[in-house]
Amino acid sequence: MTWKDSELLAVVDFETTGMAPKQGARATEVAVVWVRGDDVVDQYSSLMHTGVPIPPFIERLTGISNRMLEAANPAATVMRELAERQPPCPLVAHNAGFDAQFWRDEMLRADCAAHAEPPRLCTVKLARRLYPQAANCKLGTLASFHGLQPQGRAHRALADAMTTALLWLQMRQDIVHHLGSELGGAPVNFALADRLQALPFAQWPRAARAHAKSLVLGECLL
């Protein structure tokens with residue numbers, strides 16, 4: 001039996017002027033780290049100019065200033081470049097609901113509706129089930145919990161996206177550790193993780209067995 005694991009995932013992080021586009025917030029920086037299987041295969045990051053001022057407390061948090069954004073590419077240019085560069089694939093983010101709303105808003109503003117709403121996976125949801133012994137599910141806390149190497153200043157898009165990518169790779173290993181017998185060598189891919197993030201941990205073995213069975217049936221039909 002040959003298991004295939006060539007799936008591409010886009011790990012995304014935004015820095016923004018506020019909590020939600022519906023409240024008038026816009027993105028100030030975006031980063032994408034592409035992961036295939038157990039490997040980081042590419043990355044992209046850019047500041048984004050929208051004309052919406054950054055509040056002082058967010059400037060202190062991120063280190064991104066209004067002056068820095070004056071020289072940045074327009075947000076629409078950045079998102080169109082991402083749309084051209086990224087093949088259709090699911091998004092992974094730490095607190096995916098936050099990043100997905102900005103991904104959707106900025107893609108729509110850039111007239112890239114076909115790229116606006118990809119499937120998404122939340123590493124916070126997975127962490128709550130995988131790591132109940134962690135103090136909390138903040139990205140920095142989980143990075144320290146696993147001894148992940150620092151990737152740069154926290155609350156900058158590329159550093160946070162890269163840390164999230166490393167966390168996702170750690171999660172894949174830990175899911176195999178917990179569910180190896182049920183998986184029988186089947187890969188931990190988006191479809192399985194998407195299912196697991198919605199289930200209590202006690203139901204994971206059953207989901208893993210169903211995942212492996214579906215892959216066996218799929219191979220038999222090839």
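These are my notebook entries on the cores, cysteines and strands of a predicted model.

**Entry 1, main core.** I looked up the nonpolar cores first. The largest one holds 38 residues. Within this core, the residues with the most contacts are Leu-126, Trp-168, Met-171, Leu-196 and Trp-204. I then listed the elements that each supply at least two residues of this core: the strands β1 (8-16) and β2 (27-36), and the helices α5 (123-130), α6 (139-146), α7 (157-183), α8 (190-196) and α9 (204-221). The largest share comes from α7, with 11 residues.

**Entry 2, Leu-196.** I picked Leu-196 from that list and asked which residues it touches, leaving out those up to four places away in sequence. Its contacts are Leu-126, Arg-129, Ile-175, Leu-179, Trp-204 and Ala-207. Two of the names, Leu-126 and Trp-204, I had already noted among the residues with the most contacts in the core.

**Entry 3, second core.** Apart from the largest core I found another, of 25 residues. Its members include Met-79, Cys-89, Phe-98 and Cys-112. The two cysteines led to the next entry.

**Entry 4, cysteines.** I searched the whole structure for disulfides and got 0. Cys-89 is in no disulfide, and the nearest cysteine sulfur to its own is that of Cys-112, 15 Å away. Cys-112 is likewise in no disulfide, with the sulfur of Cys-89 as its nearest at 15 Å. The cut-off for a disulfide is two cysteine sulfur atoms within 2.5 Å, so a pair 15 Å apart does not count. I also checked burial, for which the limit is under 20% relative accessible area. Cys-89 counts as buried because its relative accessibility is 8%. Cys-112 counts as buried too, because its value is 10%.

**Entry 5, strands.** I went back to β2, one of the elements supplying the largest core. Is β2 mostly covered or mostly uncovered? I noted it as mostly covered, with 9 of its 10 residues buried. Next I looked up its pairings. β1 and β2 pair in the antiparallel sense over 9 bridges. In this pairing, Val-12 has Val-32 of β2 as its bridge partner. β2 also pairs with β3 (residues 39-47), again antiparallel, over 8 bridges. There, Val-35 stands opposite Val-40 in β3.

**Entry 6, hairpin.** I finished with the connection between β2 and β3. Their hairpin has 2 residues between the strands. I checked the backbone of Gly-37 in this hairpin and recorded a positive phi near 60°.

Technical notes
Residues are numbered from 1 along each chain as its sequence is written. This is a predicted model: local features need pLDDT of at least 70, side-chain atom pairs count only at pLDDT 80 or more; totals for chains, interfaces and linings use all residues. Side-chain values use heavy atoms; hydrogens and water are left out. A nonpolar core is a set of buried Ala, Val, Leu, Ile, Met, Phe, Trp, Tyr and Cys residues joined through side-chain atoms within 4.5 Å. Buried means under 20% relative accessible area, exposed over 50%, partly exposed in between (1.4 Å probe, protein chains only). Helices (H or I, at least four residues) and strands (E, at least two) are DSSP runs, numbered from the N terminus. Contact means heavy atoms within 4.5 Å. Two strands pair if DSSP finds at least two bridges between them.
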